[in-house]
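Ready to practise reading a protein structure? Have the sequence and the 3D view open, try each exercise yourself, and then compare your steps with the worked solution.

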Amino acid sequence: MERLFAPLGLDHVVLHVRDQAASRRFYTEVLGCTVDHVNEKFSLVQLRFGQHLIDLLPLGPNAPEHGMDHLCLSIRCDDLETVAAWLRAQGVTVEGEVVKRRGAFGEGPSLYLRDPDGYRIELKPR
């Protein structure tokens, strides 16, 4: 089967947290992360862990009690729109359209999809 992209690795993981300040302290003081970026609009704190990011989102009314919001996979591809169309043709649930988002390797296009168990996965070209 021809694939329109090549896997490169993990970009970031987004976690819903009960106490963002306590989680931020844990990840920075205990695990050695550094604060990479804060997006006030979404109350998002991005922590750098080596080449990757761990994003902390406070619990909201539509969030689960706690846990993973999504994971982002870094890929190489020529055209993410073409990848989205190919995924849809494979029967994959693709959420929305290609949108510019920030990740561990900078800003650029990304796309959300769901795996068979309903986990949300973001594909982001590097």
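Below are six exercises, each followed by its solution.

This is a predicted model, in which local features need pLDDT of at least 70, side-chain atom pairs count only at pLDDT 80 or more, and totals for chains, interfaces and linings use all residues. Residues are numbered from 1 along each chain as its sequence is written, and side-chain values use heavy atoms, with hydrogens and water left out.

**Exercise 1. Find the order of the strands in the open sheet, and explain why β2 and β6 each have one side without a neighbour.**

Solution.
- Step 1: Start with the terms. Helices (H or I, at least four residues) and strands (E, at least two) are DSSP runs, numbered from the N terminus. Two strands pair if DSSP finds at least two bridges between them.
- Step 2: Read across the sheet. Its eight strands follow the order β2-β3-β4-β1-β5-β8-β7-β6, and the pairing is mixed.
- Step 3: Look at the edges. β2 (34-39) and β6 (93-103) stand there with a single partner strand each, so one side of each is left without a neighbour in the sheet.
- Step 4: Add the twist, which averages 25 degrees from one strand to the next. For such angles, axes are lines fitted to C-alpha atoms (for helices over the stretch in contact), and angles run from 0 to 180 degrees between N-to-C directions.

**Exercise 2. Work out in which sense β1 pairs with β5 and with β4.**

Solution.
- Step 1: Take β1 and β5. They run antiparallel and are joined by 10 bridges. Phenylalanine 5 has cysteine 77 in β5 as its bridge partner.
- Step 2: Turn to β4. Its pairing with β1 is parallel, over six bridges, and leucine 15 has leucine 56 in β4 as its bridge partner.
- Step 3: Move on to β3 (residues 44-49) and β4 (residues 52-58). These run antiparallel with five bridges, and phenylalanine 49 stands opposite histidine 52.

**Exercise 3. Name the strands that each helix packs against.**

Solution.
- Step 1: Use the contact rule, which is heavy atoms within 4.5 Å.
- Step 2: Follow α1 (residues 20-30). This helix lies across β1 (5-17), β2, β3 and β4, and runs at about 160 degrees to β4.
- Step 3: Follow α2 (residues 80-89). This helix touches β1, β5 (67-77), β6, β7 (106-114) and β8 (120-125), and its direction makes about 155 degrees with that of β6.

**Exercise 4. Decide whether glutamine 46 and leucine 71 are buried, partly exposed or exposed.**

Solution.
- Step 1: Recall the cut-offs. Buried means under 20% relative accessible area, exposed means over 50%, and partly exposed lies in between (1.4 Å probe, protein chains only).
- Step 2: Glutamine 46 lies in strand β3. Its relative accessibility is 2%, so glutamine 46 counts as buried. Not counting residues up to four places away in sequence, the residues it touches include Thr34, Val35, Leu53 and Arg102.
- Step 3: Leucine 71 lies in strand β5. Its relative accessibility is 23%, so leucine 71 counts as partly exposed. Between leucine 71 and leucine 123 there are 8.8 Å in space, C-alpha to C-alpha, although they are 52 residues apart in sequence.

**Exercise 5. Find which element gives the largest share of the largest nonpolar core.**

Solution.
- Step 1: Define the core as a set of buried Ala, Val, Leu, Ile, Met, Phe, Trp, Tyr and Cys residues joined through side-chain atoms within 4.5 Å.
- Step 2: List the main members. Among its 13 residues, Val83, Leu87 and Leu123 touch the most other members.
- Step 3: Sort by element. β5, α2, β7 and β8 each supply at least two residues, and α2 gives the largest share, five residues.
- Step 4: Check leucine 87. Not counting residues up to four places away in sequence, leucine 87 touches Val92, Val94, Leu111, Leu113 and Leu123.
- Step 5: Look for another core. One of eight residues lies apart, with Tyr27, Cys33, Leu47 and Leu56 among them.

**Exercise 6. Say what sets the phi of serine 43 apart.**

Solution.
- Step 1: Locate serine 43, in the loop between β2 and β3.
- Step 2: Recall the background: most residues other than glycine have a negative phi.
- Step 3: Compare. Serine 43 is not a glycine, yet has a positive phi of about 55 degrees.
- Step 4: Finish with its accessibility. At 36%, serine 43 counts as partly exposed.
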